[in-house]
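Here's a stroll through a protein–DNA model, going from helix packing to the chain contact, the DNA surface and a sheet. Have the structure open as you read.

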Number of protein chains: 2
Amino acid sequence: MQITLKDIARMADVAESTVSRALNDKPGVGRETKLKILKIAKENNYRPNQLARGLAAKKTNMIAVIMAEMDSPGNIEIVKSIEKAADEKGYQIILCNTNNQEDKEESYLSLLESNQVDGAIFIGGKLVGSHLLRASFSQDNRIVLVNRLAEENFFTSVLTDYSQGIYQAVEHLVEENFKKIALVCGSRDDLIEEEKISGYKNALRDSGLDLNQELIFSTANDRQAGYNVFLEIIEGDVIPDAFISTRELTTIGLVEAIKMGGYFIPDDFAVVGYGDNILTSVIDPPLTVLSEPVEELGKSSLEFLLKLINDNLDSQQIKVLTPELIIRESSISKYN
Amino acid sequence: MQITLKDIARMADVAESTVSRALNDKPGVGRETKLKILKIAKENNYRPNQLARGLAAKKTNMIAVIMAEMDSPGNIEIVKSIEKAADEKGYQIILCNTNNQEDKEESYLSLLESNQVDGAIFIGGKLVGSHLLRASFSQDNRIVLVNRLAEENFFTSVLTDYSQGIYQAVEHLVEENFKKIALVCGSRDDLIEEEKISGYKNALRDSGLDLNQELIFSTANDRQAGYNVFLEIIEGDVIPDAFISTRELTTIGLVEAIKMGGYFIPDDFAVVGYGDNILTSVIDPPLTVLSEPVEELGKSSLEFLLKLINDNLDSQQIKVLTPELIIRESSISKYN
DNA sequence: TTGTATGCGTTATCAC
DNA sequence: GTGATAACGCATACAA
């Protein structure tokens, strides 16, 4: 059995409250007694019961990080960044994976509603549903969204400016003399995907290129989907000369399909992928990518959340970060 | 503020204990009252405070998964498998990343010692230190190790049989007529690495090949280390014709270095890598790998842990799983 | 500076 | 079947 405050109090021959104060570095305890208490605690390897502590103090120093997809290296990087920042502030994180299932999201949400965590960060995923909104209201808005939109602009969020990112990508491809640029994104009823499309359209317009709706493709975000979409495309009427693939796993599959089909990158098709991480960097040829500001996304989201928690700041804040276009071989025209 | 048992009791005009029984599906509460209570709870979106519940019941239905490295896709797969199994059993997981730092491991261990979780699974990492041993003793051995060894064979564990895996890999390479097979593994004072070396030695002996200590290389498990070790090797006295790389990230770097050096796989060097996942599968040419039984590692570790927790089973168990050799292009000799 | 008393929200052990 | 009541381990307001 674990040793408790009461045990220490008995051993040190003081009151429990004194022990509590000593252990928590609170004022109002004599130097002598404090040292004695700390010594005893250490000797007996005392660990405060966090459940009891949380119950009494209404604070657990834990936050939930709820991610829609664990397969994405970019998301993992964001988590690592959050964890690093949290560690520095004395918080621990609980990592939860919803696998894009709404019911799991709701179940993890109860971590917050049942006071097991002081706040929650949501990474990615579809449009925010009603349960999240409700929870946010009832839980003093101790929620931060990363790369996720809500219909009502209500949540404190840290977002990647996909529109601007895609715009840069198109611009670059146009400079490289590619004319028929395909966009591979996600479901069109997802607001974030609409944002990408809007960046794509704007860039085409500003470059004087015609928009061809047939060059916009919506797929799931996995490798197979990326693979399949290419097969579909080369069977189609309009054959692009360049691809902008806006998610990591799709990018992987797309590149595979191109190579498997006997085509060459960038000679037959230029490719701009998404995410600058170990996965995309392993691909041959070296891939031009939109680099997601993963480090900053994580750091900022945690900072926002701690503000919400500690300052009871309930005014919502939004930070928008622009991805960086990292140009490598896969998008360099051989004719330039 | 969140609604509590007491509130519901008041609304339903019954005692708190009755509400508790009703909500927990315990016997001893009338059908009528039970329905009434459940209705009120639902209407008010009641969520039991898990801290209080855990404190009173001495059970949180949460387990900690403490991993040494989040960068490894194989480890992520193990976690996903654990999470899936846990979900089915009504457990949630807390995912912790130690980054191979002993102090972080110790701090996360306090999740267990402070009763925030019912048990813990450790994935990977160096030899088990004294703090883990101590914790295991004081916490009724509610600890399971995955791919991790302890000096004293004391912990319930699920292990990959690296020795057997490497043995198969050597055997295969020998069949393909490779003669100078290099082994790239981790630090030699790690027991797991010694196991790999032992499989390597046994296979060489059984194949009638000479052992050359200069063909065994110890590196860190990251990409750069894999890259560097190849540079070092081709500067060396003994040039191998095949590599067995026993960790994912090292494998990535090694392959990169080979290709960067202008060499061809498998013509100049055959390669057997580690881990059958998205990362290794993206590599060109298709990589022969030792496929880690990630799914089973996760599932079994959770089952073991639940047994330890619920059955108070303190007899230690060990399960050993053999990796599967998946043969692809990178290890096929052009002369066969 | 220190001790006493109370409460945090639940579960569990008694009575009735 | 139901209701008091005492834990669970800690924090804190207040009294001393």
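Start with how the angles work: axes are lines fitted to C-alpha atoms, for helices over the stretch in contact, and angles run from 0 to 180 degrees between N-to-C directions. Keep in mind that this is a predicted model.

With that in hand, look at helix 5 (residues 73–88) and helix 13 (residues 294–310) of chain A, which pack at an angle of about 45° with their axes 7 Å apart. Angles under 35 degrees count as roughly parallel and 65 to 115 as roughly perpendicular, so helix 5 and helix 13 of chain A are oblique to each other. Their crossing is right-handed. On the helix 5 side of chain A, the contact includes A:Gly74, A:Ile78, A:Ile82 and A:Ala85, while helix 13 of chain A brings in A:Val294, A:Leu297, A:Gly298 and A:Leu302, among others.

Next, the two chains. Chain B and chain A each put 28 residues into their contact. On the chain B side, the elements giving two or more residues are helix 4, helix 5 (73–88), strand 2 (92–97), helix 6 (102–113) and helix 12 (278–281). Helix 4 of chain B gives the most, with 5 residues.

Which residues are closest to DNA strand D? They are A:Thr4, A:Ser17, B:Ala15, B:Ser17 and B:Gly30, out of 28 residues that surround the strand. Both chains take part: helix 1 (5–12), helix 2 (16–23) and helix 4 (50–57) of chain A, plus helix 2 (16–23) and helix 4 (50–57) of chain B, each supply at least two residues of that surface.

Here's how these three sets of residues divide by class:

| Set of residues | Nonpolar | Polar | Charged |
|---|---|---|---|
| Contact of helix 5 with helix 13, chain A | 8 residues | 4 residues | 3 residues |
| Side of chain B that touches chain A | 13 residues | 9 residues | 6 residues |
| Surface near DNA strand D | 13 residues | 10 residues | 5 residues |

Finally, chain B has an open sheet of 6 strands, in the order 7-6-8-9-10-12 with mixed pairing. Strand 7 (216–218) and strand 12 (324–326) of chain B are the edges, each pairing on one side only. From one strand to the next, the twist averages 20°. At the strand 12 end, 3 bridges join it to strand 10 (residues 288–291) of chain B, and the two run antiparallel. There, B:Ser291 stands opposite B:Glu324. Helix 8 (residues 162–175) of chain B packs on the sheet, touching strands 6, 8, 9, 10 and 12 of chain B, and its direction makes about 165° with that of strand 8.

How values were computed:
Residues are numbered from 1 along each chain as its sequence is written. Chains are lettered from A and ligands numbered from 1 in the order in which they are written. This is a predicted model: local features need pLDDT of at least 70, side-chain atom pairs count only at pLDDT 80 or more; totals for chains, interfaces and linings use all residues. A residue is near a molecule or strand if its C-beta atom, placed from the backbone, lies within 6 Å of it. Helices (H or I, at least four residues) and strands (E, at least two) are DSSP runs, numbered from the N terminus. Ala, Val, Leu, Ile, Met, Phe, Trp, Tyr, Cys and Pro count as nonpolar, Asp, Glu, Lys and Arg as charged, and the others, Gly among them, as polar. Angles under 35 degrees count as roughly parallel, over 145 as roughly antiparallel, 65 to 115 as roughly perpendicular and the rest as oblique. A crossing is left-handed if the near helix is turned anticlockwise from the far one by less than a right angle, and right-handed if clockwise. Two residues are in contact if their C-beta atoms, placed from the backbone, lie within 7 Å. Two strands pair if DSSP finds at least two bridges between them.
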